[in-house]
Amino acid sequence: MSQVSTISDAAAAAPPLPSEEADDEPPDSNVVPASTARPQTFSTFFPPHRRGPRQSPAARDFRRAFYPEVTDLEWNDWRWQSRHRIRTLAQMERFLVLSKDERRAIIEAGSLLPMGVTPYYMSLLSRTDPTQGLRRTVVPSMQEFVRVPGEADDPLGEDSHSPVPGVIHRYPDRILFLALDFCSTYCRYCTRSRVVGTGELAPKEDRLVAAIDYVRRTPTIRDVLISGGDPLALSEDKLDWVLGELRAIPHVEFLRIGTKMPAVLPQRITPTLVKMLKKHHPLWMSVHFLHPDECTVEATRACARLSDAGIPLGSQTVLLKGVNDDVDTMRTLLHRLLQMRVRPYYLYQCDPISGSAHFRTTVSEGMELMRKLRGHTTGYALPTYVIDAPGGGGKIPIQTDYVLGREGDDVMLQNFEGKVYRYPDPPPDTARKLHLRRLPVARD
Ligand code: SF4
């Protein structure tokens with residue numbers, strides 16, 4: 001990607017949106033001026049009681065400080081949120097006291113990965129602390145410019161497994177269907193940072209038709225994961241059409257959607273959206289949550305709506321240094337996800353994308369985290385820790401080894417406390433002989 005030196009240059013360099021897609025990527029607009037300090041969010045979670053508050057304290061205080069004239073109707077309208085995304089240095093400085101590093105990175109990093117934060121998600125960030133986990137994941141840092149050996153713009157080799165634009169076909173029976181490259185909020189560690197926000201994968205009808213056609217003429221595909229960008233940024237009509245076309249293909253057994261909307265723009269999960277999604281069952285959803293601070297009353301309500309519509313929810317979480325790599329934070333996140341009816345599914349080792357070293361833990365730190373979680377919480381709370389193998393090798397589970405080996409006919413096991421146990425596991429021949437010996441003698 002070519003470098004541009006300022007945010008305004010970056011905005012000017014951004015490809016124009018096709019007019020038919022205006023609903024999918026609303027234009028930027030001015031941020032309401034205000035600048036009082038706001039209390040820091042910490043305990044934003046509410047148990048998902050049906051008659052709970054509709055707004056988290058963080059969002060309420062943020063609105064009072066920065067958007068006093070904005071109505072509930074506007075604030076809770078996902079299109080309003082999307083139109084008012086914070087995308088420039090000037091807008092960012094209204095909400096955050098930027099460090100020198102952040103300021104410089106925003107000016108210089110515009111071309112590497114676009115910056116965008118919804119007002120709702122901004123309400124969850126610390127105004128003054130650049131080390132706050134959530135803030136680090138959406139505000140650029142100069143560390144994004146540091147490239148270390150092993151990193152690549154496309155570490156998973158997705159581009160080499162793309163038979164048609166927007167389709168990644170790595171496994172025989174399933175594909176990744178990239179509906180668009182737009183996200184309402186851009187994560188600084190995004191695996192697809194080479195694509196997102198560039199306009200390369202606009203949701204134009206001819207591209208989507210070609211991608212759907214590829215699925216139609218490839219009978220081995222039984223599972224389609226619709227991702228992006230964020231597919232829930234599409235208008236309901238367009239998403240309905242994509243889902244309907246794919247569901248109509250006889251060999252497609254079920255659909256999945258990958259989205260971060262419940263975390264960054266929960267207002268998107270409207271009754272109209274879930275009513276439409278329900279038409280396309282079996283439909284599963286992978287929701288991207290990182291940190292307990294994202295598990296707000298708004299996010300809880302969004303997940304409840306999806307669950308009530310019969311959509312099973314599984315979480316995908318990226319392990320990030322200084323964000324969620326300590327046991328307390330991760331355990332709190334996993335517990336809150338369960339309370340939100342989201343099954344923790346995958347914990348990803350951060351992909352080695354260019355400029356991601358400051359986000360990556362070592363694999364042994366990830367294994368140690370999993371070891372400390374296992375046995376100390378509900379089994380349902382434990383995601384599978386995986387590495388998406390560089391070069392297109394797919395997801396490989398990384399397991400702490402609990403099997404110590406064999407002693408005679410026993411398997412030697414170590415539990416979460418480090419205690420050793422035996423499990424009788426004679427070879428099949430021995431088992432058959434023992435079984436035969438116990439059989440009753442047949443009588444005439
Ligand atoms: S929501 Fe997903 S696709 Fe969009 S920037 Fe974040 S990680 Fe990337």
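Guide: Helices (H or I, at least four residues) and strands (E, at least two) are DSSP runs, numbered from the N terminus. The model is predicted: local features need pLDDT of at least 70, side-chain atom pairs count only at pLDDT 80 or more, and totals for chains, interfaces and linings use all residues. Residues are numbered from 1 along each chain as its sequence is written.

Visitor: What makes arginine 341 notable just after H14?

Guide: Arginine 341 takes a positive phi of about 65°, although it is not a glycine. Most residues other than glycine have a negative phi. Arginine 341 sits in the loop between helix H14 (327–339) and strand E7 (343–349).

Visitor: Why is arginine 341 called partly exposed?

Guide: A residue is buried if 20 or more other C-beta atoms, placed from the backbone, lie within 10 Å of its own, exposed if 12 or fewer, and partly exposed in between. Arginine 341 has 15 C-beta neighbours inside 10 Å, and therefore counts as partly exposed.

Visitor: How do you know that the span of H14 agrees with the expected one?

Guide: The expected span is 1.5 Å times one less than the number of residues. For the 13 residues of H14 this gives 18 Å, and the end C-alpha atoms are 18 Å apart, so the two agree.

Visitor: What makes the buried residues of H14 line one face?

Guide: These residues are Met330, Leu333, Leu334, Arg336 and Leu337. Seen down the helix axis, they fall within an arc of 165° (taken over the directions from the axis to the C-beta atoms), so they line one face of H14. They pack against strand E6 (313–319), E7 and helix H15 (363–373), where contact requires C-beta atoms, placed from the backbone, within 7 Å.

Visitor: How do you know that E2 pairs with E1 and with E3?

Guide: Two strands pair if DSSP finds at least two bridges between them. Three bridges join strand E1 (residues 167–171) to E2, and these strands run antiparallel; five bridges join E2 to E3, which run parallel. Both counts therefore satisfy the criterion. Phenylalanine 177 in E2 stands opposite valine 167 and opposite isoleucine 226 in E3.

Visitor: Why is strand E2 (residues 174–178) described as mostly covered?

Guide: Four of its five residues are buried.

Visitor: What makes the peptide bond from glycine 228 to glycine 229 unusual?

Guide: That bond is cis, with omega near 15°. Most peptide bonds are trans. Glycine 229 lies in the loop between strand E3 (223–227) and helix H10 (236–247), and both Gly228 and Gly229 are among the residues surrounding the ligand, each with its C-beta atom, placed from the backbone, within 6 Å of it.

Note on methods: Contact = placed C-beta atoms within 7 Å.
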